[in-house]
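Visitor: Could you show me how to read which side of a helix faces inward? I'd like the general idea, then a case.

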Amino acid sequence: MNLITIDNCGLACPQPVINTKKALDSLSAGQSLISIVDNAAAKENVTRFAINNGCTVNVEEKNGIYSLTLTKSKSMPAAAAPPAEIPSTGGKVIFVRSNRLGTGSDELGSLLIKSFFYAVSQTADYLPAKIVLINSGVKLAVTDSPVLQDLQALAAAGVEVLACGTCLDFYGLKDQLAVGQISNMYSIYEVLAGHAVLTL
């Protein structure tokens, strides 16, 4: 039987993930499909989505085009236990929309965001499950970020840091990401919809 092939070339995030999800939903356990993408970020996003949804993934690359063969597993993976380092906080997510905290003075906002993440990193009883960074918030996760050490400490403690890939591309910072992983808007929505959210 011929495999279903989905051509996601030229599509912006999160469309490759959404198209792949729709096709996967129509498959039975053990069946496969091919999802084609034309950039590394889309390859990573589709691969991560597929693995998280119980699929095996085989990736082939030719001239910058990635063919991902996804096979739906016969059984979904068991949910992973939360890292022991993270106290029970109800699975809260910190949603960061800017590299500054509050409105008004940019200088003050920069000081406040630095103080905030230092406080988060030092308050072991209230660590979030995840930190989601969008728009200029992704600047907090790159090499020259004033809060990089705090984010790295949080990541080491088991806090998942997710940075919007479209936002990193917009600011030309994808190759400077120094903590966490690149994500996409579909996955970000899933995170926000499934957790209590603290929005900055």
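Guide: An α-helix has 3.6 residues a turn, so residues three or four places apart point the same way. Here, Leu148, Asp150, Leu151 and Leu154 of helix 4 are buried (under 20% relative accessible area; exposed is over 50%, partly exposed in between, with a 1.4 Å probe and protein chains only). Helices (H or I, at least four residues) and strands (E, at least two) are DSSP runs, numbered from the N terminus. This is a predicted model, where local features need pLDDT of at least 70, side-chain atom pairs count only at pLDDT 80 or more, and totals for chains, interfaces and linings use all residues. Residues are numbered from 1 along each chain as its sequence is written, and side-chain values use heavy atoms, leaving out hydrogens and water.

Visitor: Why do the buried residues count as lying on the same side of helix 4?

Guide: They sit on the same side because they cover an arc of only 165° around the axis, taken from the directions from the helix axis to the C-beta atoms. The face turned away carries exposed Gln149 and Ala156.

Visitor: What covers the buried residues of helix 4?

Guide: The cover includes helix 3, strand 6 and strand 7.

Visitor: And which residues does phenylalanine 117 contact, leaving aside neighbours within four places in sequence?

Guide: Contact means heavy atoms within 4.5 Å. With those neighbours left aside, phenylalanine 117 touches, among others, Asp150, Leu151 and Leu154.

Visitor: How should I read valine 197 in strand 9?

Guide: Valine 197 counts as partly exposed because its relative accessibility is 36%. Beyond neighbours within four places in sequence, its contacts are Val93, Phe95 and Leu192.
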